[in-house]
Structure formats: C-alpha cells, structure tokens
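Visitor: I'm new here and would like a friendly tour. Could you show me what we are going to look at?

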Amino acid sequence: MMKNYEKFMRKCISLAKKGEGHVSPNPLVGAVVLDKNGEIAGAGWHEKYGEAHAEVNALKMAGEKASGGTIFVSLEPCSHFGKTPPCADLIISKGIKKVVAGVLDPNPIVAGKGIKKLKNAGIEVVCGVLEDECRKLNEIFFKNQLEKRPFIAIKTAMTFDGKIAAANGDSKWVTCEKSRKIVQKLRNKYDAILTGSNTVLADNPSMNCRLKNGINPVRVVIDSKLRLSPDFKFFKNDKTPIFIAIGENVEPKGFPAHVQFIKCPIVDGKIDLKFLFSELYKKGVKSILVEAGGGLNGAVLRTGMADKIYQFIAPKILGDNSAISCFYGLKTEFMKDAKNLRIESVKKSADDLLVEYSVLN
C-alpha cells in the first residue's frame, strides 16, 4: 500500500513543479484523484497565484468519479478563505473517502486545521507520505512561513580549482551551454536575482529569464555609491521592478520609474545585507538567487542567511593563485570557522557537474 502511496505522491510532486515561477508567494502543490476502483480520474496543480489550487483542478477533471475515491495532495489542503475558498470544504463536498497528504502546511492559518476538518467530516486521512521530498519541494515557502524572511540561494560557476574568472577578469565562458540553460530555469524559479554593481559594470548583463513562457525575476543590484547609470542593459530589458541598494546619503536621479531605491545602512563600508534582505521581504520578495562575484557571495554567506548553493563545476583548471575565487569575500581564518554544507544532489550537465548544497551554519 505504501509503495502505491509513494507512486501517486511522486506524481503530485512532478505536477507541482509545473507551477514554478507562477505561484509565489503561494506554495507549489500537485494533486491526483483516484476513483473508487483506484484508477486515476483527475490530476492538477496550482498553476498561478490567485487562481484555483491543485485540489480544485484535480477534482474538476475527475468530476463525478471523485465520489468515494481518494485524493493525493503534496501539501495539506487549506481550511481557510484566502484568494480562493477552502480546499478542505470542496474535498468534503465531493464525497472523497480518503485524503493522502505529503506534509502539513506550515502556514499558521492552516497548520493541521485542514487535516482536522477532514477527519471531523469522517474522511480517512494519511499524512507524511514522502514528507521530506514534499517539504523540499516547498523549501522556499517553509522558510518564509517559519522564519519570516526570504529564502536565499547562491549560484556559482567555477573551474575545477575553484575559480570563477581569470586574473584579468575574463569569465566567458566557465561552463557549457547546457549549464547556462539550467541557470535560466533557476531564474524562473526565484522571485529575485541579486548581483553587485561590479558585475554590472564588468559584464553589462540583462539578467532576465530567457525560457519560453518564463517569468523575469525582480532584479536587485547593490551599488552603495550609485556608480551605475540608466544606460546599462540591466535597466532597459523590460519593466520588471528593479531595486538598487544604495547608501543612506546617496540621492538618485534620472532612473526610469520601474527602478526603486532602497537606502541601507553602511557597515564597514558595505551595504548592510541583513537590512536589505528584510526590506526586500517586506516588498514581497520571498526568494533570492545571488548571481555575483566572489566578494558578494562571501558577504552573503557571512550574514548566516544563505540557505542553498548551486555550484556548477567545469572540467577546467586555471592554476593561477591570482585568479578570482568563488567566495573570497568570506575570508575565514580558521578551519573551525569554515562554513559547513550538506550535499543534496550531484548531477551531470553535459561535461559539467551541478552540485546542490544546503548551508548548515
């Protein structure tokens, strides 16, 4: 029985991922409905923020076949009125006999109340099927709900000996074309991309999402003294909001309307990143992908707020001590103070490797 539960829960997880880039700040959710004979009658996912939840879409497809059947859902069904009515009420009204949920919703408004409502209606409930996988699916949502701050990931592309650019700054290209396409998928997944003014000055990047039907992330650039001008591609690509983090005494002029400024305290000559992250969260930025140089990468790690690292490793060696490293801004003196990571996955990307880490401290 548990193997069957896991089979259908994996389908829920696969469906949920189709909502990446479209549902934030809501969680990714997938649902599968079985009829009373155990055959799939409906399937769906949360497709867009403010629109129908996964359970609604799956039950709509199932129609009358849902009565007496089972619904699998990767996250506990909601029990409250938000942008849409409670999914728990809909499940009850459709005559579902069993609900199999992956993980409880961390949102205090739900947090077990959906399960309780279903049980009170006489529905059998099984919870915790592929719980770790379902929680990882929504690691951003869990971070937001439990810690009230953005989920922060760092993306690096380095040679085998840990360099992101040659000593003269040349970095095109460290990794292969397939790896660069994966980066576009990451940009579609996160609410915002964060970089530093040095990267913009050196590369004049657009930092948009070039996937078909992809969503451009909010772009954030740290420029404490406002060295950038509106002429860079970074500001011209589209009207997606852009935030520039500047010092408290800087007065900006001449930027287009979609560019907003966040005045931040300066600590040791640098923007206070913890303050910036807090302000971005207040403005609705729930997840941030850092695409920057080693100085800013290291500074983000120093805040203790980095949650994940995506590290693309190319089979190349520069062999130059003066070449630029991934995290030189961290500057840890003793091994006991090193940042500890946990390897979550290792995948091949053509000739490159993509290693995904969780940051433990």
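Visitor: In what order do the strands of the open sheet with 5 strands come?
Guide: This is a predicted model, and in it 5 strands form an open sheet with mixed pairing. The edge strands are S2 and S5 (124-127), each pairing on one side only. From one strand to the next the twist averages 15°. Reading across the sheet, the order is S2-S1-S3-S4-S5.

Visitor: Do S1 and S2 pair in the parallel or the antiparallel sense?
Guide: Strands of a sheet pair through backbone hydrogen bonds, and they can do so in either sense. Here 5 bridges connect S1 and S2, and one spot to look at is Ala31, which stands opposite Gly44 in S2. The sense of this pairing is antiparallel.

Visitor: At about what angle to S2 does helix H2 run?
Guide: Helix H2 covers residues 54-62 and lies across S1, S2 and S3. Its buried residues pack against S1 (30-34), S2 (40-45) and S3 (70-75), and also against helix H3 (87-93). Relative to S2, H2 runs at about 150°.

Visitor: Which residues of H2 are buried?
Guide: An α-helix has 3.6 residues a turn, so residues three or four places apart point the same way. Just after H2 comes Gly63, with a positive phi near 60°. Within the helix, the buried residues are Ala54, Glu55, Asn57, Ala58, Leu59 and Ala62.

Visitor: Let's move along to another helix. Is Ile115 buried or exposed?
Guide: Ile115 lies in helix H4, residues 113-120. Leaving aside residues up to four places away in sequence, Ile115 touches Glu76, Ala101, Leu104 and Val125. Its relative accessibility is 8%, and the cut-off for this class is under 20%. Ile115 therefore counts as buried.

Visitor: How far apart are the C-alpha atoms of Ile115 and Gly42?
Guide: Along the chain, Ile115 and Gly42 are 73 residues apart. In space, their C-alpha atoms are separated by 21 Å.

Visitor: What relative accessibility does Asn144 have?
Guide: Asn144 has its place in helix H6, residues 139-147. Not counting residues up to four places away in sequence, Asn144 touches Arg149, Pro150, Phe151, Tyr281 and Lys286. Asn144 counts as buried because its relative accessibility is 4%.

Visitor: Why is strand S9 described as largely enclosed by the rest of the structure?
Guide: Strand S9 spans residues 218-222, and both of its faces are covered. Val218, Val220 and Ile222 are buried on one side, and Arg219 and Val221 are buried on the other. S9 is largely enclosed because its buried residues number 5 of the 5.

Visitor: What handedness does the β-α-β unit with S8 and S9 have?
Guide: S8 (residues 192-196) and S9 run parallel, joined by 5 bridges. Across this pairing, Ile193 stands opposite Arg219 in S9. Together with helix H8 (residues 197-203), S8 and S9 make a β-α-β unit that is right-handed.

Visitor: And where S9 meets S10, which residue in S10 stands opposite Val221?
Guide: S9 and S10 (residues 242-247) pair in the parallel sense over 4 bridges. Val220 stands opposite Phe243 in S10. For Val221, the residue opposite is Ile244.

Visitor: How many bridges link S10 and S11?
Guide: S10 is mostly covered, with 6 of its 6 residues buried. S10 pairs with S11 (residues 259-264) in the parallel sense, and here Phe243 stands opposite Gln260 in S11. The number of bridges between S10 and S11 is 6.

Visitor: Stepping back to the whole protein chain, what is its radius of gyration?
Guide: The chain has 11 helices and 18 strands. The globule rule gives 21 Å for 361 residues, and the chain's value is close to that, so it is as compact as a globular protein of that length. The radius of gyration is 23 Å.

Visitor: What share of the 361 residues counts as buried?
Guide: The C-alpha trace spans about 65 × 45 × 40 Å along its principal axes. Among contacts with a separation of 6 or more, residues 24 or more positions apart account for 68%. The chain exposes about 17700 Å², of which carbon and sulfur atoms supply 51%. The buried share of the residues is 52%.

Terms used. Residues numbered from 1 in each chain as written. Predicted model: local features only at pLDDT ≥ 70, side-chain atom pairs only at ≥ 80, totals over all residues. Heavy atoms only, no water. Buried < 20%, exposed > 50% of the residue type's maximum accessible area, 1.4 Å probe, protein only. Helix = DSSP H or I, 4+ residues; strand = E, 2+ residues; numbered from the N terminus. Pairing = 2+ DSSP bridges. Right-handed = clockwise from strand over helix to strand, strands pointing away. Rg over C-alpha atoms; globule rule 2.2 N^0.38 Å. Contact = heavy atoms within 4.5 Å. Areas by Shrake-Rupley, 256 points an atom, 1.4 Å probe, with all protein chains shown as cover. Axes fitted to C-alpha atoms, helices over the stretch in contact; angles between N-to-C directions.
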